[in-house]
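User: I would like to go through the terms used for this model one by one, setting each value against its definition. Please start once the structure is on screen.

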Amino acid sequence: MSLLEMKHIKKSFDGFGVLEDISLTVEEGEVLAIIGPSGSGKSTLLRCATNLEAPDEGEIHYEGEYGLVFQNFNLFPHFSVIRNITDAPIKVQKRNKDEVFAEARALLQKMGLQDKENAYPYQLSGGQQQRVSIARALAMNPKILFFDEPTSALDPELTGEILKVIKDLAAEHMTMVIVTHEMNFARNVADHIIFMDKGVIAEQGTPDEVFGSDNTRMKEFLGKLSEEY
């Protein structure tokens, strides 16, 4: 079953085309990784998918709720960890308070943060804050979870712990769309990969198909990445 369909999405800023006729489908249980150079339109595509930006043209269809994990955590600094996780399910979804708190504590256990429920964001490392952000998104029981470069604000030591959390979610068949610069992660975790360049999908397919592609632009991109690292 398709949980997300985007058809012929176009988006411009100040007359400059950022997305040019993008169409994609995300099936239930699928992990889609979106890769590509900076400025290729990856984050704009994700922002359109999550209604943070309105496309100029095209259609977006959802099946169920979605959650979003931001680059920079976006936790409420004046809320404790447990309140950051429980506030929206209680106030927005009007769910039973005891049930929400029980689920939140189970999520904190899953994230290895069971001893941090009364801490505040400033008392946590970047990796811990991002794990709270993931727990907060999961607390809304989304059908599909979006990640916008979830490790870009973290140093290399903390990146691994977030990638492990996402990998564990993939093993549980959580439907996810992940914009990422972590190529090995994308290759190992994604079912389907989209390579974007200059606002279009330049290559897509399974990880083996994309990383083994003869597409010149794809080869240039991977070559530059290997030079950087």
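Analyst: We can begin with a pair of side chains, those of Glu103 and Arg95, which meet in a salt bridge at 2.8 Å, N to O. This is a predicted model, in which local features need pLDDT of at least 70 and side-chain atom pairs count only at pLDDT 80 or more, while totals for chains, interfaces and linings use all residues. Residues are numbered from 1 along each chain as its sequence is written, and side-chain values use heavy atoms, with hydrogens and water left out.

User: Why is the contact of Glu103 and Arg95 called a salt bridge?

Analyst: The term requires a side-chain nitrogen of Lys or Arg within 4 Å of a carboxyl oxygen of Asp or Glu. The N to O distance between Glu103 and Arg95 is 2.8 Å, so the pair meets the definition. Arg95 also forms a salt bridge with Glu99, at 3.7 Å, N to O.

User: What makes Arg95 buried, and how are Glu99 and Glu103 classed?

Analyst: Buried means under 20% relative accessible area, exposed means over 50%, and partly exposed lies in between, with a 1.4 Å probe and protein chains only. Arg95 has a relative accessibility of 17% and therefore counts as buried. Glu99, at 39%, is partly exposed, and Glu103, at 27%, is partly exposed as well.

User: How do you know that Lys164 and Asp168 are joined by a salt bridge, and where do they lie?

Analyst: Their side chains meet at 2.9 Å, N to O, which is the basis for the term. Both residues belong to helix H5 (residues 156–171), where they are four residues apart, about one turn of the helix; helices here are DSSP runs of H or I with at least four residues, strands are runs of E with at least two, and both are numbered from the N terminus. Lys164 counts as exposed because its relative accessibility is 52%, whereas Asp168 is partly exposed at 34%.

User: How many salt bridges does a search of the whole structure find, and which residues are linked in a network?

Analyst: The search finds 15 salt bridges, and Lys11, Arg47, Glu53 and Asp56 are linked in a network of them.

User: Why are helices H2 and H4 called roughly parallel?

Analyst: The axes of H2 (residues 81–91) and H4 (residues 126–138) come within 8 Å and cross at roughly 25 degrees. Axes are lines fitted to C-alpha atoms, for helices over the stretch in contact, and angles run from 0 to 180 degrees between N-to-C directions. Angles under 35 degrees count as roughly parallel, over 145 as roughly antiparallel, 65 to 115 as roughly perpendicular and the rest as oblique. H2 and H4 are therefore roughly parallel to each other.

User: Which residues make the contact of H2 with H4?

Analyst: Val81, Asn84 and Ile85 in H2 meet Val132, Ala135 and Arg136 in H4, where contact means heavy atoms within 4.5 Å. By class, this contact has four nonpolar, one polar and one charged residues; Ala, Val, Leu, Ile, Met, Phe, Trp, Tyr, Cys and Pro count as nonpolar, Asp, Glu, Lys and Arg as charged, and the others, Gly among them, as polar.

User: What makes the packing of H2 and H3 oblique?

Analyst: H2 and helix H3 (residues 97–110) pack at an angle of about 135 degrees, with their axes 9 Å apart. That value falls in none of the three named ranges, so H2 is oblique to H3. The residues of H2 in this contact include Val81 and Ile85, and those of H3 include Phe101 and Leu108. By class, the contact has nine nonpolar, one polar and two charged residues.

User: Why is Phe73 called buried and Lys198 exposed?

Analyst: Phe73 has a relative accessibility of 11% and so counts as buried, while Lys198, at 70%, counts as exposed. Phe73 lies in the loop between strand S5 (66–69) and H2, and its phi is near 75 degrees, a positive value in a residue other than glycine. Lys198 is found in the loop between S8 and strand S9 (200–205), and has a positive phi of about 55 degrees although it is not a glycine.
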